[in-house]
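Good morning. I have one model to go through today, and I will start with it on the screen.

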Amino acid sequence: MPTKLTEKQKATLWQQRRNANFLASSKLEGLSFAEVTLDAEQAEQRLTALRRQYGG
């Protein structure tokens, strides 16, 4: 018997599908993007830098 997904799992799945669809449609239009993957520490460092830059 299949189990239901939690709200967090649904959100994660939706985000993954959204990203895949965006990349696929961009490719059809002749655009290409490098997927950015950051671990938690790198993301925190980037947020800190952006907050300093934009005064947040």
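One definition before the details: a helix here is a DSSP run of H or I with at least four residues, and helices are numbered from the N terminus. With that in hand, just after H2 there is Gly-55, with a positive phi of about 70°. Please keep in mind that this is a predicted model.

Now the overall picture. The chain contains two helices and zero strands. Its radius of gyration is 16 Å, where a compact globule of 56 residues would be near 10 Å. The C-alpha trace spans about 50 × 35 × 20 Å along the principal axes. Of the 56 residues, 2% count as buried. The accessible surface is about 5700 Å², and carbon and sulfur atoms account for 56% of that. As for charge, there are 9 positive and 6 negative side chains, with the centres of the two sets 6 Å apart.

Next, helix H1. This helix covers residues 7-28. With 22 residues, H1 reaches 31 Å from its first C-alpha to its last, close to the 32 Å expected at 1.5 Å a residue.

Ser-26 sits in H1. Is Ser-26 buried or exposed? Its relative accessibility is 4%, so Ser-26 counts as buried, the cut-off being under 20%. A polar atom of the Ser-26 side chain also lies 2.8 Å from the backbone oxygen of Phe-22. Just after H1, Gly-30 has a positive phi of about 85°.

That takes us to the loop between H1 and H2. Glu-29 is in this loop, and Glu-29 counts as exposed because its relative accessibility is 62%, with the line drawn at over 50%. Leu-31 is in the loop between H1 and H2 as well. At a relative accessible area of 44%, Leu-31 is partly exposed.

Two distances run from these loop residues. How far apart in space are Glu-29 and Arg-51, C-alpha to C-alpha? They are 33 Å apart, with a sequence separation of 22 residues. For Leu-31 and Gln-42, which are 11 residues apart along the chain, the C-alpha atoms are separated by 26 Å.

Last, helix H2, residues 40-54. Its 15 residues should span 21 Å at 1.5 Å a residue, and the end C-alpha atoms are 21 Å apart, so the two values agree. At the N-terminal end of H2, Asp-39 acts as the cap: one of its side-chain oxygens is 3.2 Å from the backbone nitrogen of Glu-41. Past the other end we return to Gly-55 and its positive phi, just after H2.

To recap: two helices, zero strands, and 2% of the residues buried. That is what I have; I can take questions.

How values were computed:
Residues are numbered from 1 along each chain as its sequence is written. This is a predicted model: local features need pLDDT of at least 70, side-chain atom pairs count only at pLDDT 80 or more; totals for chains, interfaces and linings use all residues. Side-chain values use heavy atoms; hydrogens and water are left out. The radius of gyration is taken over C-alpha atoms; the globule rule is 2.2 Å times the number of residues to the power 0.38. Buried means under 20% relative accessible area, exposed over 50%, partly exposed in between (1.4 Å probe, protein chains only). Accessible areas come from the Shrake-Rupley method with a 1.4 Å probe; for residues, only the protein chains shown count as cover. Lys and Arg count as positive and Asp and Glu as negative; His and the chain ends are not counted. The place of a charge is taken as NZ of Lys, CZ of Arg, CG of Asp or CD of Glu. The expected span of a helix is 1.5 Å times one less than its number of residues. A polar contact is a pair of N or O atoms within 3.5 Å; within protein, one must be able to donate a hydrogen and the other to accept it, and residues adjacent in sequence count only if both atoms are side-chain atoms.
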